[in-house]
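Colleague: I should like to request a close look at a single part of this model, with its surroundings described in turn.

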Amino acid sequence: MSELTVPSQATAPAAESGLMVQAEQVHKSFGHLEVLKGIDLEVRSGEVCCLLGPSGSGKSTFLRCINHLEKINAGRIRVDGELIGYREHGGKLHELRQKEVAAQRRSIGMVFQRFNLFPHMTALENVIEAPVRVKREPKAAARERAEALLARVGLGDKMGNYPGQLSGGQQQRVAIARALAMQPKLMLFDEPTSALDPELVGEVLDVMKDLARDGMTMIVVTHEIGFAREVGDSLVFMDGGVVVEQGNPREVIANPQHDRTKAFLAKVL
Ligand code: ADP
Ligand code: MG
């Protein structure tokens with residue numbers, strides 16, 4: 001597609017604009033229920049954006065829109081300068097083919113509250129699976145990287161374990177390694193520690209901190225205020241399908257401006 005049909009600023013890759021994610025006026029409805037009412041959000045390359053908000057505010061839906069698991073009704077989402085799910089031509093949007101969507105999705109890793117590992121595969125097999133099946137990587141190379149990734153998330157001695165033989169925290173660390181195996185340029189975390197016993201939360205947050213330090217661009221939906229304060233470059237507070245407030249996490253947490261943010265923080269702090 002000719003680049004001339006699209007404003008040049010809009011297609012600038014992250015390397016030029018510095019932006020990994022650009023969401024503009026994103027609207028999403030399920031039937032008559034309007035869940036996202038015009039979300040604007042920007043995440044710079046290498047930054048950690050923490051997304052907070054009460055249950056039902058649209059956080060998961062928004063994350064799912066970023067990798068086109070949900071189709072948006074209006075607006076634009078760009079990842080690394082590339083429009084997600086659509087091609088813009090003559091001012092109109094045309095939906096991408098499934099293959100093209102799949103290619104976009106491959107560069108975006110996602111980690112859910114529930115770990116969703118394949119129960120009949122070992123930790124190592126879980127991490128190798130997508131690179132070999134989806135990317136057609138040679139098995140030896142995929143295995144080598146998987147071993148390095150599992151070691152990195154502190155599971156060098158558990159590679160042969162099945163998910164049922166791992167704690168929740170260990171399973172979630174395998175899920176992170178599995179997402180990283182696809183070498184994503186963006187990682188989306190949807191309440192990655194919410195399903196964990198309290199004593200297992202820290203080991204997963206530590207892995208995420210390590211990733212952040214390494215320069216991974218991340219959007220993290222979390223109620224872990226300590227993580228947001230320590231690791232977040234930006235904090236976005238959503239309620240009722242809109243961004244109510246955003247800014248530097250330390251500032252927003254210490255001095256929230258809106259009543260809804262104050263009420264929410266009072267509950268989770
Ligand atoms: P959050 O992650 O902030 O808790 P969600 O994005 O999961 O919020 O949900 C926002 C709203 O959208 C809720 O009212 C939820 O019931 C609704 N919703 C989410 N997914 C669907 C769906 N597939 N069909 C219909 N309604 C949905
Ligand atoms: Mg959710």
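How many bridges join S4 to S5, and do these strands run parallel or antiparallel?

Modeller: The model is a predicted one. In it, S4 and S5 run antiparallel and are joined by two bridges. Within this pairing, Val79 has Glu82 of S5 opposite to it.

These two strands belong to an open sheet of four strands, ordered S2-S1-S4-S5, in which the pairing is antiparallel. The edges of that sheet are taken by strand S2 (33-44) and strand S5 (82-83); each has a single partner strand, so one side of each is left without a neighbour in the sheet. Helix H3 (residues 59-66) lies across strand S1 (19-30), S2 and S4, and runs at about 60° to S2. As a general point, side chains in a regular strand alternate between the two faces of the sheet.

Strand S4 also takes part in enclosing an internal space. Rolling a probe the size of a water molecule over the atoms shows where empty space is left. The count here comes to one cavity of 30 Å³ or more. The volume of the largest cavity is about 60 Å³. Its lining is made up of Cys65, His68, Ile72, Gly75, Arg76, Ile77, Leu83, Ile84, Tyr86 and Leu93. Strand S4 (residues 74-79) gives the most to this lining, namely three residues. By character, the residues lining the largest cavity divide into seven nonpolar, two polar and one charged.

Beyond this part, the model holds a further open sheet. Its six strands follow the order S8-S9-S10-S3-S11-S12, and their pairing is mixed. Strand S8 (108-111) and strand S12 (242-247) are the edge strands, each pairing on one side only. On average, neighbouring strands of this sheet are turned by 20° against each other, direction ignored. Within it, strand S3 (residues 48-52) pairs with strand S11 (residues 234-239) in the parallel sense, over four bridges. Cys49 is placed opposite Ser234 of S11.

Two helices pack on the six-stranded sheet. Helix H7 (residues 168-180) touches S8 and strand S9 (186-190), and its direction makes about 170° with that of S8. Helix H8 (residues 198-213) touches S3, S9 and strand S10 (217-221), and its direction makes about 150° with that of S10.

On its other pairing, S11 runs antiparallel to S12, to which five bridges join it. Met238 has Val243 in S12 as its bridge partner. The hairpin of S11 and S12 has two residues between the strands, and in it Gly240 takes a positive phi near 60°.

Strand S11 also contributes to an aromatic contact, for the search of the whole structure finds one aromatic pair. The ring centres of Phe237 and Phe264 are 5.3 Å apart and the planes are at 45°, so the pair is tilted. Phe237 belongs to strand S11 and Phe264 to helix H11 (residues 259-268), so the pair ties together parts that are 27 residues apart in sequence.

The largest pocket remains to be described. The space in it amounts to about 610 Å³. It is lined by 19 residues, of which Arg105, Ile108, Met110, Ala130 and Met182 are the closest to its centre. Helix H4 (98-106), S8, helix H5 (123-133) and H7 are the elements that give two or more residues to the lining of this pocket. The lining residues divide into 11 nonpolar, three polar and five charged.

To return to the part requested, S4 and S5 are joined by two bridges and run antiparallel, and S4 gives three residues to the lining of the largest cavity.

Key. Residues are numbered from 1 along each chain as its sequence is written. Chains are lettered from A and ligands numbered from 1 in the order in which they are written. This is a predicted model: local features need pLDDT of at least 70, side-chain atom pairs count only at pLDDT 80 or more; totals for chains, interfaces and linings use all residues. Side-chain values use heavy atoms; hydrogens and water are left out. On a 1 Å grid over the protein atoms alone, a cavity is a set of points where a 1.4 Å probe fits but cannot get out, and a pocket is an open set with protein on both sides within 12 Å along at least five of seven lines; lining residues have an atom within 4 Å of a point. Grid points are joined across faces, edges and corners, and a volume is the space filled by probe spheres set on the points. Ala, Val, Leu, Ile, Met, Phe, Trp, Tyr, Cys and Pro count as nonpolar, Asp, Glu, Lys and Arg as charged, and the others, Gly among them, as polar. Two strands pair if DSSP finds at least two bridges between them. Axes are lines fitted to C-alpha atoms, for helices over the stretch in contact, and angles run from 0 to 180 degrees between N-to-C directions. Contact means heavy atoms within 4.5 Å. Rings of Phe, Tyr and Trp (its six-membered ring) pair if their centres lie within 6.5 Å; planes under 30 degrees apart count as stacked, over 60 as edge-to-face and the rest as tilted.
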